[in-house]
Amino acid sequence: MAQKKQVPEATVLLAKYKIFNQLCIAYRRSRQDPALMLRADELRRELALPEDVFAKALDTFLNNDNPSAIEVIKNGGQLFLRLGESARYNCSD
């Protein structure tokens with residue numbers, strides 16, 4: 001029976017930083033539009049993150065950290081990400 005590969009905590013932490021930074025950059029480029037959303041699969045490919053690492057990072061955003069930091073929106077069978085209200089303050093000038 002195949003075992004699930006354990007993702008090192010440092011790898012997940014680095015992925016979380018990358019995801020958060022990309023969302024902040026996009027938010028600031030949008031002139032701080034709170035409705036800005038990025039497609040999760042495109043962001044994962046842009047950051048060159050393996051699916052398991054990306055999924056684990058999103059899971060920790062939703063379960064362990066402030067749940068309003070990163071919002072995960074399901075729309076039309078696709079996953080979108082955007083900064084939550086508490087995180088937008090950290091990305092402002």
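How are helix 1 and helix 3 oriented to each other: roughly parallel or roughly perpendicular? Hold that thought while you set up the view.

**Before you click**

You have a predicted model open, in which local features need pLDDT of at least 70 and side-chain atom pairs count only at pLDDT 80 or more, while totals for chains, interfaces and linings use all residues. Residues are numbered from 1 along each chain as its sequence is written, and side-chain values use heavy atoms, with hydrogens and water left out.

**Stop 1: the whole chain**

Show the cartoon. You should find four helices and three strands, where helices (H or I, at least four residues) and strands (E, at least two) are DSSP runs numbered from the N terminus. Walking along the sequence, the pattern reads α-β-α-α-β-β-α. Of the 93 residues, 31% count as buried; buried means under 20% relative accessible area, exposed over 50%, and partly exposed in between, with a 1.4 Å probe and protein chains only. Among contacts (heavy atoms within 4.5 Å) with a separation of 6 or more, residues 24 or more positions apart account for 59%.

**Stop 2: helix 1 against helix 3**

Select residues 9-29 for helix 1 and 51-63 for helix 3. They pack at an angle of about 75°, and their axes are 9 Å apart. Axes here are lines fitted to C-alpha atoms, for helices over the stretch in contact, and angles run from 0 to 180 degrees between N-to-C directions. Helix 1 and helix 3 are therefore roughly perpendicular to each other. The cut-offs: under 35 degrees is roughly parallel, over 145 roughly antiparallel, 65 to 115 roughly perpendicular, and the rest oblique.

Now turn on side chains. From helix 1, pick Thr 11, Val 12, Ala 15, Lys 16, Ile 19 and Phe 20; they meet Val 53, Phe 54, Lys 56, Ala 57, Leu 58, Thr 60 and Phe 61 of helix 3. By class, this contact has nine nonpolar, two polar and two charged residues. Ala, Val, Leu, Ile, Met, Phe, Trp, Tyr, Cys and Pro count as nonpolar, Asp, Glu, Lys and Arg as charged, and the others, Gly among them, as polar.

**Stop 3: the sheet**

Keep helix 1 visible and add the strands: helix 1 lies across strand 1, strand 2 and strand 3, at about 75° to strand 3. The three strands make an open antiparallel sheet in the order 1-3-2. Strand 1 (38-39) and strand 2 (70-75) are the edges, each pairing on one side only. Two strands pair if DSSP finds at least two bridges between them.

Strand 2 and strand 3 (residues 78-83) pair over six bridges. Three places to click along that pairing are Glu 71 opposite Arg 82, Ile 73 opposite Phe 80, and Asn 75, whose bridge partner is Gln 78. Follow the strands to the turn: strand 2 and strand 3 form a hairpin with two residues between them, and Gly 76 in the turn has a positive phi of about 60°. On the other side, strand 1 and strand 3 pair over two bridges, with Leu 38 opposite Leu 81.

**Stop 4: the core**

Which residues touch the most other members of the largest nonpolar core? Select Ile 19, Phe 54, Ile 70, Leu 81 and Leu 83, out of 22 residues in that core. A nonpolar core is a set of buried Ala, Val, Leu, Ile, Met, Phe, Trp, Tyr and Cys residues joined through side-chain atoms within 4.5 Å. Helix 1, helix 2 (40-46), helix 3, strand 3 and helix 4 (85-91) each give two or more residues, and the largest share, six residues, comes from helix 1.

Centre on Leu 81. Leaving out residues up to four places away in sequence, its contacts include Ile 19, Leu 36, Leu 43, Phe 54, Leu 58 and Ile 70.

**Stop 5: the end of helix 1 and the loop**

Go to Ala 26, which sits in helix 1. Buried or exposed? Ala 26 is buried, at 16% relative accessible area. Beyond its neighbours within four places in sequence, Ala 26 contacts Leu 36 and Leu 38. Ala 26 and Leu 36 are 10 residues apart in sequence and 7.9 Å apart, C-alpha to C-alpha.

Finish in the loop between helix 1 and strand 1, home to Arg 31 and Gln 32. Arg 31 has a positive phi of about 60° although it is not a glycine, and so does Gln 32. Arg 31 counts as exposed at 77% relative accessibility, whereas Gln 32 is partly exposed at 31%.
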